[in-house]
Amino acid sequence: MATPTTRNTSKIESPMIASECPGTIVADFEALMDFIAGGVRSTGKYHLLPMARLNELDELMTTPLRPKLQRPQQRSFPHLNGLYLLLRATQIGVTDGQGKTKGKLILDPFMCQQWTQLNPTEKYCNLLEAWFGLSSWASLGLKDTGWYKKMGMDVRSVWQAVPSEGRRFSENEQVSRGFLYSQERSTTLALLELFGLITVERGAPVVGQGWTVAKINHTRFGDEVLTAIFAEIVRSCLDRDDDDEQADLDFGAFQPALQSIFPQWINNLKFPEPEFRDGIYYFKVSLGRPWRRIAIAAENSLEELADCIIRAFDFDGDHLYEFQLPQPDGTILTAAHPNIQDADLQTDEFAIGHLTLVEGQSIPFVYDFGANWKFTVKLEEVKPPDPEITRPIIVESHGEAPAEYDDEW
């Protein structure tokens, strides 16, 4: 991860971080917070920013993009796309409700209170860490490879694609968008600009086009910060325990490496401790038209829920399975059969009471990866604890379950 040898890496003076210096990231992030402060209707199953109000939100940015598009989407505004990525990664912005008509983006009061207590440098650095260490393309509905520090690899790819003297694009190159060939690429460049780690000269607006980039330049500040971050990523990868996938999922990991650049960086955001919600959980589990209602205590495990689902549909239970669990930051964790060691979680180690589901929310359950049986598991309600229910029980059954194996089996 070495930087080009021609780049000037001599040490710079510690910058004074303000809302619009060295980049506009803090000012624009707080403009986004103000925009959704009272709650706004989200778009689609990934709860993206309201499509009908994207132009309105763009005008609140320090430097509006104003793409010449008839029907712009969130990805048409790479800077808004990047800010949304950070909003979910910090868990300052969370979702409320489900579906196309009830889904909303709201601010989390616990995280917002912490944000107001940070100084400008701490806000800047926490957003920087949220980008490199906590964000995931999955929150935008994009495929995430799951590679360790994948976001940092994407940043390095864009940063190193620009020579030390800068990179200029012809009018044809601006229209063809060869450099910004993907949503990930354009969002990464936009965040580099928002953080003041590079500068971008915009080309003339083109009808039917979004962001047109005429030239990209390095900054001494950006080169020093990124060099330090990439060195820390290499060190942490070498020192990291491969079995501890969650070890870095917190703020402050980069703080020792960047302290000389940001001496005013003292405090960090802190995620709330996972809450255990006691009670009896009632799930409606559907496999097409047939469905079963299952009651299970909060102390029981996901493994026990999986076994009950399999038994409720008269399957033999000889195959592997997994649940897909939505997280507050918009990502998905896989909770799999205990024999699947490379999953995010094993079902025998996760209690029902730690699920972050709300009533009416559904999660998929896939059984037998060859046959690919897909169940819909919907949380209907959570009732007070009942000492009579210590194991999952089937309380209602409708429709005949399909045969697990066809005649050939």
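The following exchange treats the cores, a sheet and the salt bridges of a predicted model.

Modeller: Residues are numbered from 1 along each chain as its sequence is written, and side-chain values use heavy atoms, with hydrogens and water left out. As the model is predicted, local features need pLDDT of at least 70 and side-chain atom pairs count only at pLDDT 80 or more, while totals for chains, interfaces and linings use all residues.

Biologist: Which helix gives the most residues to the largest nonpolar core?

Modeller: A nonpolar core is a set of buried Ala, Val, Leu, Ile, Met, Phe, Trp, Tyr and Cys residues joined through side-chain atoms within 4.5 Å; buried means under 20% relative accessible area, exposed over 50% and partly exposed in between (1.4 Å probe, protein chains only). The largest such core has 77 residues, and Tyr124 and Trp131 have the most contacts inside it. Helices (H or I, at least four residues) and strands (E, at least two) are DSSP runs numbered from the N terminus. With 8 residues, the greatest contribution to this core comes from helix 6.

Biologist: Is Gln183 buried or exposed?

Modeller: Gln183 belongs to helix 9, residues 183-194. Leaving out residues up to four places away in sequence, Gln183 touches Arg75, Asn81, Leu140 and Leu142, where contact means heavy atoms within 4.5 Å. Its relative accessibility is 18%, so Gln183 counts as buried.

Biologist: Which strands stand at the edges of the open sheet of order 4-6-5?

Modeller: This sheet has 3 strands with antiparallel pairing; two strands pair if DSSP finds at least two bridges between them. Each edge strand has a single partner strand, so one side of each is left without a neighbour in the sheet. The edge strands are strand 4 (167-168) and strand 5 (198-202).

Biologist: In strand 6, what is the bridge partner of Arg167?

Modeller: Strand 4 runs antiparallel to strand 6 (residues 213-218), and 2 bridges join them. The partner of Arg167 in strand 6 is Ile216.

Biologist: How many residues apart in sequence are the parts tied together by Arg293 and Glu396?

Modeller: These two residues form a salt bridge, with the closest N and O atoms 2.2 Å apart; the term denotes a side-chain nitrogen of Lys or Arg within 4 Å of a carboxyl oxygen of Asp or Glu. Arg293 counts as buried at 17% relative accessibility, whereas Glu396 is partly exposed at 29%. Because Arg293 lies in strand 8 (residues 291-297) and Glu396 in strand 14 (residues 393-398), the pair ties together parts whose separation in sequence is 103 residues.
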